[in-house]
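Here's a quick briefing to read alongside the model. Take a look at the structure first, then work through the points below.

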Amino acid sequence: VILYTCTLAPAVSAQASEFRASTAVVSNVDFAQRLFDGAAVYANQSLHGRFINQMADGTLPRAAFDYYMRQDNLYLSKYARAFAVLGARADRTDELAWLLN
């Protein structure tokens, strides 16, 4: 298995951004855990940011909420279409079941 890894951009990491090939075999669980761990900081920022706090306590300006709803609707419609395409292309029942769960 050849994996292509990318270090984060200099603004985020001290390393320069680069792609490199590695022949190390990594299990899907290890890879998924690394992705999850790498995204945790951003997920927490998203969940505990000003926008969410203002929405929760009722101080979010109505215009900001309306904009959010329009963007969320656009995102969800595209997301649903992407899943429909994936579902139509699933060759096996377990692949389709994964999409549905």
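Does aspartate 94 count as buried, exposed or partly exposed, and at what relative accessibility? Aspartate 94 counts as partly exposed, at 46% relative accessibility. Salt bridges with shared partners tie this residue into one network with Arg92 and Glu95. Keep in mind that you're looking at a predicted model, so some parts of it deserve more trust than others, as the confidence section shows.

**The overall layout**

- The protein chain has four helices and two strands.
- Start at the N terminus and the elements run β-β-α-α-α-α.
- Of the 101 residues in the protein chain, buried ones make up 5%.
- About 8,800 Å² of the protein chain is exposed, and carbon and sulfur atoms supply 61% of that area.
- Take the contacts with a separation of 6 or more: residues 24 or more positions apart account for 2% of them.

**How far to trust it**

- The average pLDDT for the protein chain is 78, and 72% of the residues score at least 70.
- Confidence is highest in H3, with a mean of 94.
- At the other end of the scale sits strand S1 (residues 3–6), where confidence is lowest, with a mean of 40.
- Over residues 1–23 the pLDDT stays under 50, and for this stretch the model has 33 contacts beyond four places in sequence.
- Where pLDDT is low, you shouldn't read the predicted coordinates in detail.

**Salt bridges**

- How many salt bridges does the count come to? The answer is three.
- One of them joins the side chains of arginine 62 and aspartate 66, with an N to O distance of 3.0 Å.
- Both of these residues lie in helix H3 (residues 62–89), and they're four residues apart, which is about one turn of the helix.
- Arginine 62 is exposed because its relative accessible area is 61%, and the cut-off for exposed is over 50%.
- Aspartate 66, its partner in the salt bridge, has a relative accessible area of 28%, so this residue is partly exposed.
- Arginine 92 meets aspartate 94 in another salt bridge, at 2.9 Å from N to O.
- Arginine 92 also meets glutamate 95 in a salt bridge, this time at 3.5 Å from N to O.
- Put those together and you get the network of Arg92, Asp94 and Glu95, joined through shared partners.
- Arginine 92 has a relative accessible area of 47%, so this residue is partly exposed.
- Glutamate 95 is partly exposed too, with a relative accessible area of 29%.

**Aromatic rings**

- The count of aromatic pairs comes to four.
- In one of the pairs, the rings of phenylalanine 51 and tyrosine 68 have centres 5.2 Å apart and planes at 50°, so this pair is tilted.
- That pair links distant parts of the chain: phenylalanine 51 sits in helix H2 and tyrosine 68 in helix H3, 17 residues apart.
- Why is the pair of phenylalanine 65 and tyrosine 68 tilted? The planes of the two rings are at 40°, and angles from 30 to 60 degrees count as tilted.
- The ring centres of phenylalanine 65 and tyrosine 68 are 6.3 Å apart.
- Phenylalanine 65 and tyrosine 68 are three residues apart in helix H3, so about one helical turn separates them.
- Phe51, Phe65 and Tyr68 form one aromatic cluster.
- Phenylalanine 51 is partly exposed, at a relative accessible area of 29%, and phenylalanine 65 is partly exposed as well, at 28%.

**A nonpolar patch on the surface**

- Which residues make the nonpolar surface patch of about 310 Å²? They are Ile52, Met55, Tyr68 and Met69.
- Helix H2 (50–57) and H3 each supply at least two residues of the patch.
- Tyrosine 68, which lies in helix H3, is partly exposed at 31% relative accessibility. Patch residues need over 30%, so tyrosine 68 clears that cut-off with its 31%.
- Tyrosine 68 turns up twice in this briefing: as part of the nonpolar patch and as part of the aromatic cluster.

Terms used. Residues numbered from 1 in each chain as written. Predicted model: local features only at pLDDT ≥ 70, side-chain atom pairs only at ≥ 80, totals over all residues. Heavy atoms only, no water. Salt bridge = Lys/Arg side-chain N within 4 Å of Asp/Glu carboxyl O. Buried < 20%, exposed > 50% of the residue type's maximum accessible area, 1.4 Å probe, protein only. Patch = residues over 30% accessible without salt bridge, like charges linked within 9 Å, V, L, I, M, F, W, Y side chains within 5 Å. Areas by Shrake-Rupley, 256 points an atom, 1.4 Å probe, with all protein chains shown as cover. Contact = heavy atoms within 4.5 Å. Phe/Tyr/Trp six-rings, centres within 6.5 Å; stacked < 30°, edge-to-face > 60°. pLDDT = per-residue confidence, 0-100.
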